[in-house]
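Grab the structure and a pencil, and let's work through a few short exercises together. Each one has a task and then a solution in steps.

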Amino acid sequence: MNEEVKYSPHDIERKWQNEWFDNNVFHTVMNRQRPEYYVLEMFPYPSGNLHMGHVRNYSIGDVVARFKTMQGFNVLHPMGWDAFGMPAENAAIKNGIHPAKWTWENIKNMRRQQKELGLSYDWEREVATCHPDYYKWTQWMFLLFFERGLAYKKKATVNWCNDCNTVLANEQVIDGRCWRCDSEVVKKDLEQWFFKITDYAERLLQDLDELKGWPDRVKIMQENWIGRSEGAEFSFDVPDVNEKIPVYTTRQDTVFGVTYVVLAPEHPLVEKLIAGKSTAQPVRDFIERVKKQSEINRTSNEAEKEGMFTGAYAVNPFNNERVPIWIANYVLYDYGTGAVMGVPAHDERDWQFATKYQLEKRFVIKPHDAKHDIQSMNEAYDGPGIMMNSGEFSGMDNEKGKQEIVQWLEDNGIGKRRINYRLRDWLISRQRYWGAPIPIVYCPNCGTVPVPDQDLPVMLPENVDFAAGSVSPLAQVEEFVNCTCPKCGGQARRETDTMDTFICSSWYYMRYTDPRNADKAFDSNKVNYWMPVDQYIGGIEHAILHLLYSRFFTKVLKDANLLNVNEPFKNLLTQGMVIKDGAKMSKSKGNVVSPEEIVGRYGADTARLFILFAAPPERDLEWSDQGVEGSFRFLGRLWRIVTHFNQYIDGHLNDYDPTVLSKEEKDLRRILHATIKKVTDDISQRFNFNTAISAIMELVNYLYAFKELNLVPNSALMKEVIAGLLRLLAPFVPHITEELWNQAIGQGSVHNQSWPAYDQEAIKVDEVEVVVQINGKVREKIILPVGIDAKEMEQAALGLEKVQALISGKQIVRVICVPQKIVNIVVK
RNA sequence: GCGGGAGUGGCGGAAUUGGCAGACGCACCAGACUUAGGAUCUGGCGGGUGACCGUGGGGGUUCAAGUCCCUUCUCCCGCACCA
């Protein structure tokens, strides 16, 4: 036995990586001869080091990329850097390193780590969002949005993070806290730039239906976030001050149950309503108190509903009844009209509020089933029913009533149908340095002026004080701020805020299709050839943020005829987290396993194999050091068995006649082809890499059993088997398979081979094992020819000695025969 | 509260269409080889050790249920006063 050469991953991994990357073998160009396939992993923030989550993300993507390549697709598989953002600036403040230097050094290190994992990226397409050649086009995108009326500036109450010293978009506030640093978000009134994502709310919602390849979970989250509702808007008159209070409701069928009207404390009408009244000062005090409440306290469901009577009255246009006007903390100023009609009998919140302040509850919907007795109800009834005490609408089904009432509103010019969304416009200004400057100039004569295309990019200045506090550091750089107006040439000032980094990441997948274009963001032919991304892979944490923004961008760019796809990501795989000891890996928990260390000890192939084998991709993966050992052991086992059979492989992989093989050889060949079928199905149909790998392990186990037979095997068969095995494993463990391919087969690279096809004939068997059950319990097993009919199966089963013994003296009620599977004899 | 997902050996996980529950791997046990083994190879490995029990619990449909139906418990994730 010649096993003197041991599996030593480091030598062979380095060797093949040099071979691949020096020769650019993963470079892709447009090619209409082959079907295209775009596989993409979410590009990382260059924090400095890869973590296990990255390794998992990229390993999954690499299997898909290599598999599709072997299947004959022209595969685009790029990588780049989401390189603007806070940590670089924090490092600058803390350690005095310039954000650019810090970022580029991190990129260099992480790129090296990625190469050491053997990932098949086309490095010629690498992009970094902080590079002027990239952010030039990010700025160009901003101007495109501006021209189309989708970027605007307004003063608004916005989310402010005191730790990050910047504003945040709604999507970036999680439970009232900053998505990045977890500190509590406060409200500030500031003039800021917004993207009008609300213009696209309906399409963003509707087109979720197109996304058949997305997890339902993500689609539901986006649906909820967009939050569409249908209802009516109409006004309550306030005759005393000659004003109107518009309200929005989805329950216009309950308007006759209104017993009060409530405004949000921020509502601008409040001051007019209370002016000169004895309630004025208490109401003002109350408003101050509510405003001081944190977002977290105020929006919590647990929070006590609090309110105060303004002293003013409004008139219900349906019955001309005067109802009191209140203000309350549970009414949100920035949803609907900032005012609601109070119907305690049919709304849970109103019920609580009315109970607390002893306001009238008037029932106007009678439930269909009599078991709800309106008189003795102790909670609001918000179900369906028949309208009552509702004037001309009484007796109507409430769903019909909704339509009739909104029609009545429109016919009488009092109100109208309204569709409302929870989605807010995207606040994109950031008071930070390390981002793409917003390309706008403020001129005393011309006003807000966009920087002309030929002046892009607006470059970030280098010498900046990063710890500027609550204004953008750029505002302190005189050379940056002072400029000439592009329109009139006069003295002007630049916008000093930078853009939310989510803008940079909203179009990077398009730039990959044409990454070095100096004249355009991308060429239409190229972007249309590659887009949409066929398979996108990343963490669930971007279910709303990045994935919603990217969908929005794609639609705007489509409307601008820059590309012809409606949705950017055809299929989405949300990978699970890598956890250890039951918790997400984190420095604070001290359960971090460094990829660099694992690759250093076992090699990249082992790291990849373990991470792909330990769990299916969508599920969380529990890290196990012993599991890694097991993966390493398997690769050693693979190495030895291939090296062993290598001696029998000789000559070329020519066609041969499988019918001349011995029974043992035929069995081996059958297992090979069954494995090919299983692995192909597992990868292509459902990304179940763990079961694909286990099938390959079984094949290897079988090869060991075959070896034990001590036969001198057919040379062509052994070549077929080893070549098949290595090709099946190549997407998972690219280095060891390349090395063994080189040693055993020796023609070209395993990664240039086509994916193995299975031979139907080889998989066929003459006989199968059939389970014989009596009353559903397994009693015996029997080998039967494949083609026999139910009658013959039954006879064979009944003829068995053991079966005879068990059924003797009993009556056979029924016999169920499932071909090639089971015979169940029912007796009594 | 609403929405989504999950619950299977000591552990990670299989079971794709209702048809042998526990593939594959880890851990563990035994044997072989060996001066030695934490290497490697071979075998065993749900519980009880009789023919019975077993996929969170209870009920149902079926010849047959991890899988379908009803009910219930637990955990995880998302949303959370949106009128």
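**Exercise 1.** Find where F393 sits, and work out whether F393 is buried or exposed.

Step 1: F393 lies in the loop between β17 (385–387) and α12 (398–411); helices (H or I, at least four residues) and strands (E, at least two) are DSSP runs, numbered from the N terminus. This is a predicted model, where local features need pLDDT of at least 70, side-chain atom pairs count only at pLDDT 80 or more, and totals for chains, interfaces and linings use all residues. Residues are numbered from 1 along each chain as its sequence is written, and side-chain values use heavy atoms, with hydrogens and water left out.

Step 2: The relative accessible area of F393 is 4%, so F393 is buried (under 20%; exposed is over 50%, partly exposed in between, with a 1.4 Å probe and protein chains only).

Step 3: Skipping neighbours within four places in sequence, F393 is in contact (heavy atoms within 4.5 Å) with F256, M387, E404, I405 and W408.

**Exercise 2.** Do the same for S235: which strand holds S235, and what does S235 touch?

Step 1: Look in β10, residues 229–238.

Step 2: S235 counts as buried because its relative accessible area is 17%.

Step 3: Again leaving out neighbours within four places, the contacts of S235 are K244, I245, P246, P317 and I414.

**Exercise 3.** Say which helix gives the most residues to the largest nonpolar core.

Step 1: That core (buried Ala, Val, Leu, Ile, Met, Phe, Trp, Tyr and Cys joined through side-chain atoms within 4.5 Å) has 187 residues.

Step 2: Helix α22 (residues 689–708) gives the most, with 11 residues.

How values were computed
Chains are lettered from A and ligands numbered from 1 in the order in which they are written.
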